[in-house]
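I opened this entry to log what I looked up, one topic at a time. The structure comes first, my notes after.

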Protein chains: 2
Amino acid sequence: MDTFHFKSQENLSLRQRVMNDIRNAIIQGHLKPGDKLKELEISQQMSISRGPIREALRDLEALGLIVSSPYRETTVAEVRKEEVVDLLIPIRLQLELFALKYNLAKRDEVFFGNLSSIVERMKVSATNGDLFALVEEDIQFHEHILSLDNSSYIMQIWSGIVNRLRMHFIKNTSKFTDLHKVVEDHEALLNALQNDSAEKIEALWTRHIKDEDCLLCFDDESEQGSD
Amino acid sequence: MDTFHFKSQENLSLRQRVMNDIRNAIIQGHLKPGDKLKELEISQQMSISRGPIREALRDLEALGLIVSSPYRETTVAEVRKEEVVDLLIPIRLQLELFALKYNLAKRDEVFFGNLSSIVERMKVSATNGDLFALVEEDIQFHEHILSLDNSSYIMQIWSGIVNRLRMHFIKNTSKFTDLHKVVEDHEALLNALQNDSAEKIEALWTRHIKDEDCLLCFDDESEQGSD
DNA sequence: TGTCGATCGATTGTTGACAATCCTGAAATC
DNA sequence: GATTTCAGGATTGTCAACAATCGATCGACA
């Protein structure tokens, strides 16, 4: 069993720590779209100077989690549903298909073992009804696919997308109910990876991502912003 | 070491100016993949402090133009050809199809007029054999499509992609010869936008982007890295 | 002579102060 | 009473100094 513990922020740079903290606050819903982020306030809250905070804000801006303009306040970004459905998800699909296509040889036993243990944890989370944990494990599953390809640039694009997906998800948690289907889907993916042809995998993957992400993209009942 | 001097960006913040300067140096080939970027050196060269430079470097890192690790030197990023062909270009296609799909109503006369004038300039550049200008106009054409959708996030993804495409292009300029075909292609695109159905436009667009970007992605003769 | 470890210079990370800009709101004018 | 102007505070942008870390060089020791 392997555990991904990403704690020990002690040895990270301040910039990284600030960045993670704010990022978490956003994707966990403590900071909502439109909320203001003031450098001085954050710096006092964390007892550090404004320098690292400014750099962390640049990072977050690059991730698409916040927006800022010169000499004006910086705020948490909005996420549009159409953007998620018709842009982020197709791009996400491209990323994963790319990683699958070019790293066939790297799918070894260790790799499958890791995926398998992630799925096991998903089962536990689903049984416990722990939606948040399940989502994180879902993300880990797909991130593990991407990590096959040793490209920091791919992980960079992925970060931006997945964070925005999380932001969108935060708004729709209540309707996300069929937890066990998520687990079954990923079991099927894992099984296909081990047994099926590239074409079948690609087809299954495509269907899964459109399907799965639809779970995160319910029609939020009345949110019909006409523009 | 060659020195570059840039035009007046007087009203931009220093961070923006540094960012633009370095970005241009990279996509124009003055800085090549692997070259080191030292904060102190840049700050002395530009007669400013290291603060804005550090923030600009964060921006450039987010764009995928440079890479850095803590306390280590930061260098100009590498671009892999497979990444360009099988990832960046499909994503680019998704971006444009998205913008086209959701902004049908915004394609007014002004919009077509702008596209048309871009194409006119392309003709001039093609006739002059000015490859660099042609590429920039090509980019403007497609950027104009994306700007239909009023999303800063889309432009953000686009920036990262287009800069990396430019980096890749820099390596292959010599073989890029059929300038007038580029112009004709864009004329066809413009014509289709004005006259054809959404389906036909989508099909043409898809073909064009795969086609056009192939121009930028020649098999660089012997660069067969076996991995 | 080859390997290990300490020291030093180079580079990045962090800080607190100062400068530039924006926003608010009250006073002045019509 | 409504609009404009201009202070004052709040916030972001920039700077120069200091601290932490890395890499290379040089010397000690087997």
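How do the residues of the surface near DNA strand D divide into nonpolar, polar and charged? I was working from a predicted model. I found seven nonpolar, two polar and nine charged residues there.

**DNA strand D.** I then asked which residues come nearest. Of the 18 residues around DNA strand D, these are A:R50, A:R54, B:L14, B:S49 and B:R72. Of the strand's atoms within 4 Å of the protein, 73% belong to sugar and phosphate.

**Elements.** I looked up the helices next. α3 (50-63) of chain A, α1 (14-27) of chain B and α3 (50-63) of chain B each give at least two residues to the surface near DNA strand D. The largest share, three residues, is that of α3(A).

**Phosphate contacts.** I checked chain A. The side chain of A:R54 places an N or O atom 2.5 Å from a phosphate oxygen of DNA strand D. A:E39 has a backbone N or O atom 3.2 Å from a phosphate oxygen of this strand. For A:L37, a polar backbone atom is 3.4 Å from one.

**Sheet.** I traced the strands of chain A. Three of them make an open, antiparallel sheet, ordered β1-β3-β2. β1 (36-37) and β2 (66-67) are the edges, each pairing on one side only. Two bridges link β1(A) to β3 (residues 74-76). A:K36 has A:T75 of β3(A) as its bridge partner.

**Two copies.** I superposed chain B on chain A by a rotation of 180° with 0.0 Å of shift along the axis, at RMSD 0.1 Å. That is how a two-fold axis relates copies. Both copies use the same surface: 97% of the contact residues of chain B recur in chain A.

Key
Residues numbered from 1 in each chain as written. Chains lettered and ligands numbered in written order. Predicted model: local features only at pLDDT ≥ 70, side-chain atom pairs only at ≥ 80, totals over all residues. Heavy atoms only, no water. Pairing = 2+ DSSP bridges. Helix = DSSP H or I, 4+ residues; strand = E, 2+ residues; numbered from the N terminus. Least-squares fit on C-alpha atoms with pLDDT ≥ 70 in both. Contact = heavy atoms within 4.5 Å. Near = heavy atom within 4 Å. Polar contact = N/O pair within 3.5 Å; in protein donor to acceptor, adjacent residues only side chain to side chain. Nonpolar A, V, L, I, M, F, W, Y, C, P; charged D, E, K, R; others polar.
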